[in-house]
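The following exchange examines a structure by asking how its descriptions are justified. Each answer sets a computed value against the rule that applies to it.

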Amino acid sequence: MGLVAGLDSSSVYTRIVVCDADTGEVVRHGHAEHPSGEATPESWLLSLGEAADGGVLEEVTAIGVAAQQNGVVALGPEGNPVRPALTGGDDRGQAAALGLVDALGGRAAWAEAVGSVPQPGQPVAQLRWLAREEPEAARRATTVLQAQDWLVWQLLGRPRRWTTDRGGASSTGYWSAVSESWRYELAELAIGHPVALPDVLGPAEAAGRTPEGLLISAGTGETMAAAFGLGMGMGDAVISLGASGSVCAVHDDALTDPSGTITCYADATGLHLPVVRTLNATRVLRGTAELLGRDLPELSELALTSTPGAHGLVFLPYLAGERTPELPHTAGTLAGLRRESMKPEHLARAAFEGMLCGLADAAEVLRKRGVRIDRVFLLGAAAELPAVKALAPAIFGAQVVIPAPADYTALGAARQAAWSQAVADAGASAEAPPSWPSAPGETLDPEDEQAGGVAVRQQYAAVRDETHPDAFG
């Protein structure tokens, strides 16, 4: 079928990959930073144009668009933004999110309505903030789009119809993952008056074609595009190691959770992506490294000179409070201190085990709801540390893949474009996407260390439950 392209418009850059539509092989790519400090939608277009410069899109016949998930563009009656884009990169939506929770009657009411509880960065909270802090701009808003929706609309020449996909819609806070429909009254609750929202397209449905005949697929959010680009399927999960952490898995049903621990996203294929987040991941390693006067590679090397279970030392890694389990005002705990365990290598090992056990707790929340996790894609710079590679498979109880570096979000957008084009032009099935290979990378199996991983988890859980007996109900 020729060449397709995927665009990844993040909060700071635009990346383009051009792929063979049949095999997914990347044939060329482009990159451009967004203009410094700007969050205007027009800056995303400038960056896109720069990334595509030099013939990057030559002979491309279909394009998919992914973008920062919490970028919101509120349009006025003439189709122009009423203010610069709202983005989820700060905490200004905290009070707005809490106010929305109360306005609908609590967390359980939100979970039942849309499958998630409002969070500060979500579009629903950003609209609430806009209504409270910039009421004149809010009153002028008649249509609300996300970043990828606006970019698709622009690529198509600003048609009368706005579109999105179920993946992007599920991150707004006013689309129901259970009924797969907009909850217009929740958008109205947030901004204070009715607004138009884009039509939600099916996973393989095209948003339209440019006057030149270039097909534009539905587009999706960055989480959904990255999952699609990695090649995730049933039994797969992604565990991200940033300062905080997250566990995201593929599931066939929408999972509602009255506590708000699980955020229920839809994916880009017709399935679901429940997500559980923690507040503590590599911040635990960095804090321990600073305490011991080491860098992260040195901390990793030191940890591997200790033994499984860190000689009885257990580190509950709740350094920033914690979200899973919900302990917002707690602190970390170091237990099992004995004279023989008070050595740098045991503290280093306990930090790695504590971080990974905290993420395993998050994965267990999903497993207890019937989500299968057999294979984990482990993302983030810390995933390359030898201590993480040595410990993660046994602690997670799953095969671990450290993906080779690639633009997986852009790859997922390109795969969506290939799917839409195959359906529109070749009569392919809309039930299954093109069979592109899963992400290549280093594969680590848990078999040899499975018993040790179980013992470490049991030791960790005993200290966790004694210290915080009601943490998991």
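Q: How many aromatic pairs does the structure hold?
A: The structure, which is a predicted model, holds 4 aromatic pairs.

Q: Why is the pair of W44 and W150 called edge-to-face or stacked, whichever applies?
A: The ring centres of W44 and W150 are 6.1 Å apart, and rings pair if their centres lie within 6.5 Å. The planes stand at 80°, and an angle over 60 degrees counts as edge-to-face. The pair is therefore edge-to-face.

Q: What parts of the chain does this pair link?
A: The pair links distant parts of the chain. W44 belongs to helix α1 (residues 41-51) and W150 to helix α6 (residues 147-155), and the two are 106 residues apart. Both W44 and W150 are buried.

Q: What makes the pair of W153 and W162 stacked, tilted or edge-to-face?
A: The centres of these rings are 6.0 Å apart, with the planes at 50°. Stacked requires under 30 degrees and edge-to-face over 60, with the rest counted as tilted. The pair of W153 and W162 is therefore tilted.

Q: How do you know whether W153 is buried or exposed?
A: The relative accessible area of W153 is 5%, and buried means under 20%. W153 is therefore buried.

Q: Why is W162 not described in that way?
A: W162 has a relative accessible area of 21%, whereas the range for partly exposed lies between 20% and 50%. W162 is therefore partly exposed.

Q: What lies over the face of Y13?
A: R15 does, at 4.2 Å from the ring centre. The limit for the distance is within 6 Å.

Q: Which residues of α1 are buried, and how do you know on which side they lie?
A: The buried residues of α1 are P41, S43, W44, S47, L48 and A51. They cover an arc of only 155° around the axis, so they lie on the same side of α1. The face turned away from this buried side carries the exposed residues L46 and E50.

Q: What makes up the lining of the second largest pocket?
A: The lining has 9 charged, 6 nonpolar and 4 polar residues. These 19 residues include D361, E364, V365, K368 and F472, which lie nearest the centre of the pocket. The space in this pocket is about 430 Å³.

Q: Which helix supplies the largest share of that lining?
A: The largest share, 4 residues, comes from α15. Helices α12 (344-367) and α15 (450-467) each supply at least two residues of the lining.

Notes:
Residues numbered from 1 in each chain as written. Predicted model: local features only at pLDDT ≥ 70, side-chain atom pairs only at ≥ 80, totals over all residues. Heavy atoms only, no water. Buried < 20%, exposed > 50% of the residue type's maximum accessible area, 1.4 Å probe, protein only. Lys NZ or Arg CZ within 6 Å of the ring centre and 35° of its normal. 1 Å grid on protein atoms, 1.4 Å probe; cavity = no way out; pocket = protein on both sides within 12 Å on 5 of 7 lines; lining within 4 Å. Points joined across faces, edges and corners; volume = space filled by probe spheres on them. Nonpolar A, V, L, I, M, F, W, Y, C, P; charged D, E, K, R; others polar. Arc of directions from axis to C-beta.
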